[in-house]
Amino acid sequence: MAHRGKRSRVERYHDRVARSYDGMYEGDRYWDLYREITWNHLKRYLPRHPGATGLDAGCGTGLWGLRLARCGLHVTLLDISETMLDVARDKARSQGLEGRCSFVKGDVATLDGVADGSVDLLTAQGDPLSCVEHPERAVAAIHRVLVPGGVAVVSVDGLFGGAFFFLERDDVDGLASFLASGRSQWQTDARNERFPTVAFSAARLRGMFERAGFETQSLIGKPVLPLRRFRRLLDDRATYARILSLEMRYGAEPELMGGAAHLEIAARKPSPTAS
Ligand SMILES: C[S@@+](CC[C@H](N)C(=O)[O-])C[C@H]1O[C@@H](n2cnc3c(N)ncnc32)[C@H](O)[C@@H]1O
């Protein structure tokens with residue numbers, strides 16, 4: 001998707017929003033909860049050995065990559081948007097994490113510039129795999145860069161959770177075509193920044209990783225409760241804590257997962273078995 005000279009739509013959109021990106025989520029309890037769910041899932045797979053390596057693919061302003069660096073990993077932060085990388089680099093500098101971080105402008109679809117078998121833990125958050133034309137190729141690239149035994153924790157747009165967007169607009173034709181294909185468009189006012197997106201059912205997400213040679217470790221909805229419609233509940237601290245604990249308890253419940261706005265898989269690249 002990356003072009004020399006001419007920026008792709010994905011790049012153009014993310015370059016424009018990069019400097020205001022963190023502010024879009026600040027002070028919003030829904031996104032606080034979303035991030036707590038994410039961290040609780042991701043930290044289960046933190047490698048503990050000295051010199052462990054991480055890759056934050058589609059790092060944006062560095063939220064997860066810098067967190068992994070704070071946990072002691074040597075992290076590559078990769079993004080297609082140069083401006084996102086600039087913001088992430090500034091944050092690494094101001095947080096004293098520069099020594100453990102490197103920055104790569106690149107495409108999650110190929111992960112060119114990341115060596116084969118070099119990454120213990122890869123994460124791709126905020127759904128970069130939903131922004132590529134051929135997500136299967138991105139999954140093959142993820143498999144290539146992981147060490148045997150390494151884990152990928154990847155979030156994507158959820159298919160059935162995406163139905164609300166069309167229902168709220170009385171767009172049943174749009175809904176039917178979205179449910180059949182998973183294909184949609186990033187909604188932004190600037191037409192020349194709209195890019196195609198792809199949403200996944202839990203079965204499709206799992207199948208895509210397993211066909212590429214991964215073993216699924218866990219699969220969760222983020223969140224599984226329909227909290228976008230009940231955001232006000234999250235303003236109360238005690239209720240927020242109770243809802244978070246329900247998400248932790250039921251997040252992997254297959255019957256609830258279908259309606260989640262986002263799905264997240266943790267998948268391991270198997271180690272060769274000793275003969
Ligand atoms: C919604 S933001 C999420 C940023 C960050 N991971 C987070 O969770 O805060 C999605 C990021 O993915 C990046 N991205 C989208 N498509 C990409 C691609 N094909 N290759 C690399 N990065 C991509 C965007 O530039 C953007 O920074």
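**Exercise 1. In which loop is the place of leucine 111? Work out what is unusual about its backbone and whether it is buried or exposed.**

Keep in mind that you're looking at a predicted model.

Step 1. Find the strands on either side: leucine 111 sits in the loop between β3 (101-105) and β4.

Step 2. Check the backbone angle. Phi of leucine 111 is near 55 degrees, a positive value, and the residue isn't a glycine. As a rule, most residues other than glycine have a negative phi.

Step 3. Look at the accessibility. The cut-off for buried is under 20% relative accessible area, so leucine 111, at 0%, counts as buried.

Step 4. Try the same routine on aspartate 127. Its loop runs between β4 and α6, and its phi is positive too, about 70 degrees, though it is not a glycine. With 7% relative accessibility, aspartate 127 counts as buried.

**Exercise 2. Describe the largest nonpolar core and say which helix gives the largest share of it.**

Step 1. Start with the hubs. This core has 34 residues, and Leu111, Leu122, Leu129, Ile142, Val154, Leu205 and Phe209 touch the most other members.

Step 2. See where the core residues come from. At least two each are supplied by β1 (53-57), β4 (119-124), α6 (135-145), β5 (146-157), α9 (202-211) and β9 (262-268). The largest share belongs to α6, with 5 residues.

Step 3. Zoom in on one hub. Setting aside residues up to four places away in sequence, valine 154 touches Leu122, Ala124, Leu129, Ile142, Phe209, Leu263, Glu264 and Ile265.

Step 4. Look for a second core. Apart from the one above lies another, of 21 residues, including Leu42, Leu66, Leu68 and Ala92. In general, nonpolar side chains in soluble globular proteins tend to be buried together.

**Exercise 3. Explore the ligand's surroundings: which residues are closest, and how much of the ligand does the protein bury?**

Step 1. Count the shell. There are 19 residues around the ligand, the closest being Gly58, Asp79, Asp107, Val108 and Gln125. Sorted by class, that shell holds 10 nonpolar, 7 polar and 2 charged residues.

Step 2. Pick out polar atoms. On the side-chain side, a polar atom of aspartate 79 lies 2.6 Å from an oxygen atom of the ligand. On the backbone side, a polar atom of glutamine 125 is 2.8 Å from a ligand nitrogen, and one of isoleucine 80 is 3.3 Å from a ligand nitrogen.

Step 3. Get the coverage. On its own the ligand exposes 600 Å², and the protein buries 95% of that.

**Exercise 4. Place threonine 216 and threonine 83, and list what each one touches.**

Step 1. Threonine 216 lies in strand β8 (residues 215-222) and counts as buried because its relative accessibility is 19%.

Step 2. Its side chain makes a polar contact of 2.6 Å with the side chain of glutamate 210. Neighbours within four places aside, threonine 216 is in contact with Arg206, Glu210, Ile265, Ala266 and Ala267.

Step 3. Threonine 83 belongs to helix α5 (residues 82-94). At 17% relative accessibility, threonine 83 counts as buried. Without residues up to four places away, its contacts are Asp15, Ala18 and Arg19.

Step 4. Now jump to proline 223, which is 140 residues from threonine 83 in sequence and 29 Å away, C-alpha to C-alpha. Proline 223 sits in the loop between β8 and α10 (237-250), and the peptide bond leading to it from lysine 222 is cis, with omega near -20 degrees.

Conventions. Residues numbered from 1 in each chain as written. Predicted model: local features only at pLDDT ≥ 70, side-chain atom pairs only at ≥ 80, totals over all residues. Heavy atoms only, no water. Near = heavy atom within 4 Å. Polar contact = N/O pair within 3.5 Å; in protein donor to acceptor, adjacent residues only side chain to side chain. Areas by Shrake-Rupley, 256 points an atom, 1.4 Å probe, with all protein chains shown as cover. Nonpolar A, V, L, I, M, F, W, Y, C, P; charged D, E, K, R; others polar. Core = buried A, V, L, I, M, F, W, Y, C linked by side-chain atoms within 4.5 Å. Buried < 20%, exposed > 50% of the residue type's maximum accessible area, 1.4 Å probe, protein only. Helix = DSSP H or I, 4+ residues; strand = E, 2+ residues; numbered from the N terminus. Contact = heavy atoms within 4.5 Å.
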